[in-house]
Amino acid sequence: MKIGFIGLGNMGGPMARNLASAGHEVQGFDPAATYPEGITPCTSAPEAAADAEVVITMLPNGAILRDVAAQVIPAMATGSVLLDCSTVDVDTAREVARQAKAAGLEALDAPVSGGVGGAAAGTLTFMVGGPESAFGKARPLFEIMGQKTVHCGDAGAGQAAKICNNMILGVTMIATCEAFALADKLGLDRARLFDVVSTSSGSSWSMNTYCPAPGVGPTSPADKGYRPGFAAELMLKDLRLSQQAAESADADTPMGQLATALYEQFVEREDGRGKDFSAMLPRLEQRKRASP
Ligand code: NAD
């Protein structure tokens, strides 16, 4: 397949490389990144998009996606697929899909989970919104870049699934960290707490797989000085998107709102930026009940 790939950063670079290694013809554009081996460099986004059967975007945010989509949609061949893998707000995903459809194209929103490691290993999970026919065309590419793909519904459904998942993740990570900090003050050994909770009704991915306490449970960023992993500022980005969507859909999400405020404080006013999002535990263990 001839593929245009726009945005070759930490995630897009290895994803594009995997597509090229699988034998696809990949032409790429990124004003800043170095081009991975096997990718034909282009001088603009429209040049990378022209003649491609599928154009993939992997960009930092919704504003940049809107800008790039406005450039590439007029350059794309009728019937081709615009496949956005960035994490952006639901409204932007729907708007880009509307513009693509009006231009005789098909669009999919397909955000990922699995991080940089998953992008390099080709083991990402894709959550996809958009028409069945476009999903069928892109399916072989998902199978190269990932190990699991769920077609979640119409335009925007992939982004909706991603932010709902990450809102649960942000909330459960804070709850897990709070429990360890409380256990410390109650004189309860962390390893014992892990043994109980990981096999009880308080269990979650945050506790069982990504335990925020160093030396407890399976190896996680906590065991590597809280080097990310999944950086606190990326969690904040996703939590903000969840609250933007909740605002737009008039949904009551009190825990998501509180988790957003806590990660905002951690990243923007404390020393959380650049640390793994599970570093909420050392933050909480230093605090006293009365502090704000
Ligand atoms: P990144 O900053 O490493 O890469 C983004 C790339 O987009 C950069 O190389 C940048 O130069 C390029 N870019 C910016 N404007 C452009 C334009 N107008 N045209 C072409 N290229 C442009 O970010 P990343 O970590 O690769 O993340 C990309 C997306 O994936 C984000 O939406 C992020 O939320 C999401 N995501 C990241 C992770 C992760 O662990 N890094 C995990 C899941 C999802």
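Student: Where does Asp51 lie in this predicted model?

Tutor: Asp51 lies in the loop that runs between α2 (45-49) and β4 (54-57).

Student: Why is Asp51 called exposed?

Tutor: The cut-off for exposed is over 50% relative accessible area. Asp51 has 57% relative accessibility, so Asp51 counts as exposed.

Student: What is notable about phi of Asp51?

Tutor: Phi of Asp51 is near 70°, which is a positive value in a residue other than glycine.

Student: Which value does phi take in Asp250, and where does that residue lie?

Tutor: Asp250 is not a glycine either, and its phi is positive, about 60°. Asp250 is found in the loop between α10 and α11 (254-268).

Student: Why is Asp250 called exposed?

Tutor: Exposed requires over 50%. The relative accessible area of Asp250 is 73%, and therefore Asp250 is exposed.

Student: What makes Lys137 partly exposed?

Tutor: Partly exposed covers the range between the buried cut-off of under 20% and the exposed cut-off of over 50%. Lys137, in helix α6, has 39% relative accessibility, so Lys137 counts as partly exposed. The C-alpha atoms of Lys137 and Phe180 are separated by 47 Å, with their positions 43 residues apart along the chain.

Student: Phe142 also lies in helix α6. Why is Phe142 called buried?

Tutor: Buried means under 20%. Phe142 has a relative accessible area of 0%, so Phe142 is buried. Helix α6 spans residues 132-145. From Phe142 to Gly23 the C-alpha to C-alpha distance is 14 Å, while the two are 119 residues apart in sequence.

Student: How do you know that His24 counts as buried?

Tutor: The limit is under 20%, and His24 has 17% relative accessibility, so His24 counts as buried. His24 is placed in the loop between α1 (12-21) and β2 (25-29). A polar atom of the His24 side chain lies 3.0 Å from the backbone nitrogen of Met1.

Student: Why is Glu106 called buried?

Tutor: With a relative accessible area of 16%, Glu106 falls under the 20% cut-off and is therefore buried. Glu106 belongs to strand β6 (residues 106-109).

Student: What makes the pair of Glu106 and Ser133 a polar contact?

Tutor: A polar contact needs N or O atoms within 3.5 Å, one able to donate a hydrogen and the other to accept it. The side chains of Glu106 and Ser133 make such a contact at 2.4 Å.

Student: Which polar backbone atoms are paired with an oxygen atom of the ligand?

Tutor: An oxygen atom of the ligand is 2.9 Å from a polar backbone atom of Asn10. For Leu59 the distance is 2.8 Å, and for Thr87 it is 3.0 Å. The protein covers 82% of the 840 Å² of accessible area that the ligand has on its own.

Student: Which pocket does the ligand take, and which elements give two or more residues to its shell?

Tutor: The space taken by the ligand is the largest pocket. The elements giving two or more residues to the shell are α3 (62-72), α5 (115-121) and α10 (232-249).

Student: How many residues surround the ligand, and how do they divide?

Tutor: The ligand is surrounded by 23 residues, the closest being Asn10, Met11, Asp30, Leu59 and Lys237. The shell has 14 nonpolar, six polar and three charged residues.

Student: Which peptide bond is cis?

Tutor: The bond from Pro228 to Gly229 is cis, with omega near 15°. Gly229 lies in the loop between α9 (205-208) and α10.

Definitions and conventions
Residues are numbered from 1 along each chain as its sequence is written. This is a predicted model: local features need pLDDT of at least 70, side-chain atom pairs count only at pLDDT 80 or more; totals for chains, interfaces and linings use all residues. Side-chain values use heavy atoms; hydrogens and water are left out. A residue is near a molecule or strand if one of its heavy atoms lies within 4 Å of it. Accessible areas come from the Shrake-Rupley method with a 1.4 Å probe; for residues, only the protein chains shown count as cover. On a 1 Å grid over the protein atoms alone, a cavity is a set of points where a 1.4 Å probe fits but cannot get out, and a pocket is an open set with protein on both sides within 12 Å along at least five of seven lines; lining residues have an atom within 4 Å of a point. A molecule sits in a cavity or pocket if more than half of its atoms lie within 2 Å of its grid points. Helices (H or I, at least four residues) and strands (E, at least two) are DSSP runs, numbered from the N terminus. Ala, Val, Leu, Ile, Met, Phe, Trp, Tyr, Cys and Pro count as nonpolar, Asp, Glu, Lys and Arg as charged, and the others, Gly among them, as polar. Buried means under 20% relative accessible area, exposed over 50%, partly exposed in between (1.4 Å probe, protein chains only).
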